[in-house]
Amino acid sequence: MKAASRRPVVIIGAGPVGVMAALLLARHGVRSLVLERHQDIYPLPRAVVVDDEIRRILQSAGVHEEFAALARPAPGLRLLDAGRRVIAEFPRSMHGHHGFPQTSMFDQPELERLLRDALTRRPECELWSGVEVVSVTQSVARDTDGPNDPTGPVRVTLRRDGSDEDEHLWADAVLGCDGAGSLTRDAIGALWEDLHFEESWRVIDVRTSLPVRTWEGAEQICSPTQPATFMRISEDRYRWEFRLADDQNLDGPDGWERLRELVAPWVDLPPDASPGNDFEVVRQAQYTFRARLADRWRKGRVFLLGDAAHLTPPFVGQGLCAGLRDAQNLTWKLAQVLQRGAHEGLLDTYERERKPHARHVIRVAVAVGWAMTGGQDRGAAFRRAVVGTACRIPGVTAAVSRDLSPALTAGPLVRRRPRLTGRVLAGTFGPQPWVRHDGRRVRLDDVLADSFAVLTAVPPTAQMTAVATALGAPMIRVDDLGDDGTLAGWLARGRADAVLLRPDRVVMDTVPAGSGDFTDTAAWAPLLHTARHPADARPA
């Protein structure tokens with residue numbers, strides 16, 4: 001048995017979520033070791049869509065330009081009936097709140113490759129491939145009163161390249177990004193909560209040069225007998241998803257004829273066509289789509305992210321998105337604790353913020369899934385008719401599209417006080433317009449970097465300045481940014497003179513119009529240890 005070594009953060013799983021967590025930690029100066037049981041990335045496509053919030057996270061990881069070169073913006077989602085008539089359309093903007101197209105199609109192996117390449121350029125990151133993690137054990141440093149109280153370092157036991165020899169690593173924190181069959185989830189004693197959706201679907205990825213009848217967005221066919229999903233991924237890449245009976249096989253000559261029938265609404269395969277002849281099936285896989293949520297996401301310094309914490313049907317394209325949001329939410333908080341001595345309670349806000357958000361997204365996906373299939377009972381047609389009628393009500397489809405990623409729920413870092421007038425900004429993301437900086441046109445986050453930030457529409461008060469100084473946050477007048485008025489208009493609609501943005505660009509606190517002071521420092525300052533700074537940084 002080899003001697004144990006110590007690492008700041010160990011990440012189990014080198015999929016997109018694990019590598020993204022490593023890259024974001026590196027941006028905050030935290031070193032990490034990523035452990036992956038496979039030698040290389042999985043070569044076949046799985047996730048194919050991300051939203052503008054995720055593209056902003058890719059920007060924060062420093063890879064958005066490379067991703068833009070391989071992504072294809074899409075105009076949204078349509079629900080169609082069995083005759084391919086439009087029931088409802090959910091449009092997506094080419095320039096969303098976060099500064100990117102609201103929907104982007106891509107090939108997951110290409111995304112994983114650019115993330116791995118970025119990892120090699122960061123000296124704070126290290127990747128070990130061909131490593132099997134055997135166990136994760138949280139040691140207790142002292143008597144604790146609760147499951148998430150401060151504890152000792154975490155021991156990770158692993159084996160390399162099929163070896164029977166155990167090695168041990170000690171880490172200040174372990175991130176379990178090890179998928180639906182997560183060993184880490186078992187290690188912290190987490191159990192699945194069933195959100196009541198389970199269906200078996202066949203996913204078919206195709207490359208073809210044949211003419212394809214397609215809308216540029218995603219299509220969901222709502223039918224109790226043959227529901228389906230279709231989308232164009234890139235210039236010659238397409239994906240179909242069909243709910244098939246267990247005895248329906250698409251392999252062999254009979255399967256090829258069945259596939260020809262299934263894709264006939266979109267593409268005409270010549271009678272003499274065969275697999276690989278102008279119509280290459282890149283991948284064909286049977287999946288069971290489930291809706292599940294882990295009952296706990298943390299124990300001590302061990303955390304669950306991505307599919308280890310939540311599973312969603314793919315009908316609104318939020319599976320990978322949810323995992324990357326996990327990484328963005330957790331990493332800046334972990335950096336504050338490990339590097340700046342922030343209170344351990346800051347880490348409690350990870351599950352508190354992300355779990356309700358993930359639950360909402362899963363429920364939206366399940367609702368769309370039921371709209372597509374309606375189940376097999378007598379009420380199926382009625383439910384689909386209700387969905388179709390509701391989606392024709394002005395504003396409903398826009399609201400559903402907007403609320404795919406709702407505001408964070410109230411907590412120590414999000415003090416939501418509803419007002420009779422104006423928009424409640426706390427818990428929402430600040431917009432990202434194009435701005436002028438050092439004579440260049442750049443996106444706002446390129447100016448804010450990876451820190452907290454204060455955006456103000458008025459001359460800063462002493463308290464605003466003290467808060468910014470305590471957090472090491474730049475104080476930026478929105479009038480000096482040279483944007484198109486987006487930021488000033490956003491503050492005015494929220495009846496705020498200034499906002500405090502977290503490193504993940506969520507509004508943590510506001511200065512109500514005419515008040516001069518942030519309102520909630522008493523809630524968040526103890527978690528960030530800013531209360532030790534001068535009295536001007538604390539509320540009166």
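A residue is called buried here when its relative accessible area is under 20%. With that cut-off in hand, a walk through this predicted model can start at helix α14, which spans residues 521-528. The buried residues of α14 are Thr521, Trp524, Ala525, Leu527 and Leu528. Because they cover an arc of only 165° around the axis, these residues sit on the same side of α14. The spacing is in line with a general feature of such elements: an α-helix has 3.6 residues a turn, so residues three or four places apart point the same way. The cover over the buried residues of α14 includes the helices α7 (319-340), α8 (348-373) and α12, together with β24 and β25 (507-512). Just after α14 comes His529, with a positive phi near 65°.

Two of these covering elements, β24 and α12, lead on to strand β22. This strand, residues 453-456, is covered on both faces: Ala453 and Leu455 are buried on one side, and Val454 and Thr456 are buried on the other. Strand β22 has an antiparallel partner in β24 (residues 496-501), to which 4 bridges join it. In this pairing, Ala453 lies opposite Leu501 of β24. A parallel partner is found in β23 (residues 475-477), joined to β22 by 3 bridges, and here Thr456 faces Arg477 of β23. Between β22 and β23 the chain passes through helix α12 (residues 462-471), forming a β-α-β crossover that is right-handed.

Helix α2 (residues 52-60) offers another setting. Since 9 of its 9 residues are buried, α2 is largely enclosed by the rest of the structure. The buried set takes in charged side chains as well as others, with Asp52, Glu53, Arg55 and Arg56 among them, alongside Ile54, Ile57 and Leu58. The N-terminal end of α2 is capped by Asp51, which places a side-chain oxygen 3.2 Å from the backbone nitrogen of Glu53. Following α2 is Gly62, where phi is again positive, near 85°.

A final look goes to Arg260, which belongs to helix α6 (residues 252-263). Its relative accessible area is 15%, and the limit for a buried residue is under 20%, so Arg260 counts as buried. The side chain of Arg260 makes a polar contact of 3.3 Å with the side chain of Glu257. The Arg260 side chain also reaches the backbone oxygen of Leu269, at 2.9 Å. Arg260 is thus buried while its side chain has polar partners in Glu257 and in the backbone of Leu269.

Note on methods. Residues are numbered from 1 along each chain as its sequence is written. This is a predicted model: local features need pLDDT of at least 70, side-chain atom pairs count only at pLDDT 80 or more; totals for chains, interfaces and linings use all residues. Side-chain values use heavy atoms; hydrogens and water are left out. Buried means under 20% relative accessible area, exposed over 50%, partly exposed in between (1.4 Å probe, protein chains only). Helices (H or I, at least four residues) and strands (E, at least two) are DSSP runs, numbered from the N terminus. Two strands pair if DSSP finds at least two bridges between them. A crossover is right-handed if, with the strands pointing away from the viewer, the path from the first strand over the helix to the second runs clockwise. A polar contact is a pair of N or O atoms within 3.5 Å; within protein, one must be able to donate a hydrogen and the other to accept it, and residues adjacent in sequence count only if both atoms are side-chain atoms. The arc is that of the directions from the helix axis to the C-beta atoms. Contact means heavy atoms within 4.5 Å.
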